[in-house]
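Please open the model in your viewer and keep a selection panel at hand. The stops below say what to select and what is found there.

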Amino acid sequence: MNSNKEYFQNDDISNNPLENSVVDSLTKRYKEKNSTSYQASSQELVDASNENLTAEQLYDIFKDKSKYYTNIKLVKTNLKHVDIYINPRVARDMLKFSQRGAINKQNKNRKFNRPKINNYAEAIKDGKWCLTGESIIVSADGEILNGHHRLQSCVEAGAGFIASITYGVTDALSFAHIDVGNTRSRSQVLEMAGVKVSASVLSRVAMLAKAFDMTKNLFDFRGTQGTSFQPAEILSYVEDHEELALSVDFVSKIVKRHKLESQVSEPIYAFAHYLITQKLNQQTFNELPITPEVYLTRVISSLGLESEDDVEYQVRNYLQSLVHESTSYSLLCKLSAIFKGWNIHLNIPVSGNKVSVKRVALFKKDADGNKIPLTSAGNINEAFTIPWIPKGPTPKRIFKQRNVQIKNSPNLIG
């Protein structure tokens, strides 16, 4: 099994100087972020405090229950608070000059939720906006981290409101932790989540995903063959596709629990999860027979499989036949087989009507019966399977390698 693991680590996704450069850049960038992050866990700030809340302050906060609280440390941070009146003009200017991304160009704000803005605007216009204590949050460099919906609602309502402003926030990751579990998705919480996942796996998955995006005929997808990426391109792609980190995070946890059962590398599983879930967002299904997470967990772990008729069993059986291969050809076969299994679950037609992928023969016989090695030996010999998409036409390139003509020649026969 240890020898298998060596093969897993050498899958031809892009284990080369480019990957090393990307990994180094990712690691450096995330280390820089960590230097100003997690201040709420700073023991240094706690140790620097030599004051406790006074009895008067405790009563101000907790009223009659204040008698139950003693020795609560007063910690001095760089955060400041102020209550202000925001009229539509001020709200408009704040969105124009101080919105997230206006100062730090690498930052991006989530898209506006139209129903939420409509509800907020109606409440502001009707004079029914409450002062809940939820602040509009501004970073130390003057960029709004939270409050864009309230400001846009104020503009559209044509009426102002009173708001608490919390400013001076220096935690680089604070945006990812605001409203967690409420309005931000897990991928938004992960925002640049390289601090949590393997930079090496993340960079490989990003290369595959970018290569897929660049492929004109997806049925002729060739992985990273023929691509030439600069480190900055992959870094930018990772930043623009936060879901990549979510897929890497999901797969790494499953593989960690089922190392002995796993048959291909983490980047292959993670790219499969990423592409299936990305395509899922474009589909309209009333009910799925299986989720991408359950499907891939079964493929990776074999949990829940009862017979050889199970689709995941067939996928695992085919992947096992390729366990000692680490070429770019085998990469395409592994991915295509995983996607075939997914499509079979959804009753979407696949090439050959089975999980296994047709390969180009290693040899072809000439007129005299001599075996002639083929240049494309072992390459995928059918249209690449795309999740959610019915089988497509076989690309011309594959037809050419399939129908190669062998001529009698002393040079060929040797």
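**Salt bridges in the helices**

Begin with D249, which is buried at a relative accessible area of 16%. The model is a predicted one, so treat each stop as a feature of that prediction.

Add K253 to the selection: its side chain meets that of D249 in a salt bridge, 3.3 Å from N to O. Both residues belong to helix α12 (residues 243–257), where a spacing of four residues puts about one helical turn between them. K253 is partly exposed, with a relative accessibility of 46%.

Next, select R298 and E312. Their side chains form a salt bridge at 3.8 Å, N to O. This pair links distant parts of the chain, with R298 in helix α14 (residues 292–301) and E312 in helix α15, 14 residues apart. R298 is partly exposed at 29% relative accessibility, whereas E312 is buried at 2%.

Now show R89, R92 and D93 together: salt bridges with shared partners join these residues into one network. Within it, D93 and R92 meet at 3.1 Å, N to O. D93 is partly exposed at 22% relative accessibility, and R92 is partly exposed at 47%. The count of salt bridges comes to nine.

**A buried arginine without a salt bridge**

Return to helix α15 (residues 311–321) and select R316. What is the nearest side chain of opposite charge to R316, and how far away is it? It is E261, at 6.7 Å. A salt bridge needs a nitrogen-to-oxygen separation within 4 Å, and R316, although buried, has none. Select V299 as well: its backbone oxygen lies 2.8 Å from a polar atom of the R316 side chain.

**Surface and loop**

Select V82, I84 and Y167, which form a nonpolar patch on the surface with about 210 Å² of accessible area together. V82 sits in strand β1 (residues 80–86) and is partly exposed, at a relative accessible area of 35%.

Move to N217, in the loop between α10 (199–214) and α11 (231–240). N217 is partly exposed, with a relative accessible area of 35%. Draw a distance from its C-alpha atom to that of G392: the two are 10.0 Å apart, although 175 residues separate them along the chain.

**Cysteines**

How many disulfides does the whole structure contain? The search finds zero. For two cysteines in different surroundings, select C130, exposed at 56% relative accessible area, and then C333, buried at 0%.

Definitions and conventions
Residues are numbered from 1 along each chain as its sequence is written. This is a predicted model: local features need pLDDT of at least 70, side-chain atom pairs count only at pLDDT 80 or more; totals for chains, interfaces and linings use all residues. Side-chain values use heavy atoms; hydrogens and water are left out. Patches are made of residues with over 30% relative accessible area and no salt bridge: like charges are joined within 9 Å, nonpolar side chains (Val, Leu, Ile, Met, Phe, Trp, Tyr) within 5 Å. Accessible areas come from the Shrake-Rupley method with a 1.4 Å probe; for residues, only the protein chains shown count as cover. Helices (H or I, at least four residues) and strands (E, at least two) are DSSP runs, numbered from the N terminus. Buried means under 20% relative accessible area, exposed over 50%, partly exposed in between (1.4 Å probe, protein chains only). A disulfide is a pair of cysteine sulfur atoms within 2.5 Å. Lys and Arg count as positive and Asp and Glu as negative; His and the chain ends are not counted. A polar contact is a pair of N or O atoms within 3.5 Å; within protein, one must be able to donate a hydrogen and the other to accept it, and residues adjacent in sequence count only if both atoms are side-chain atoms.
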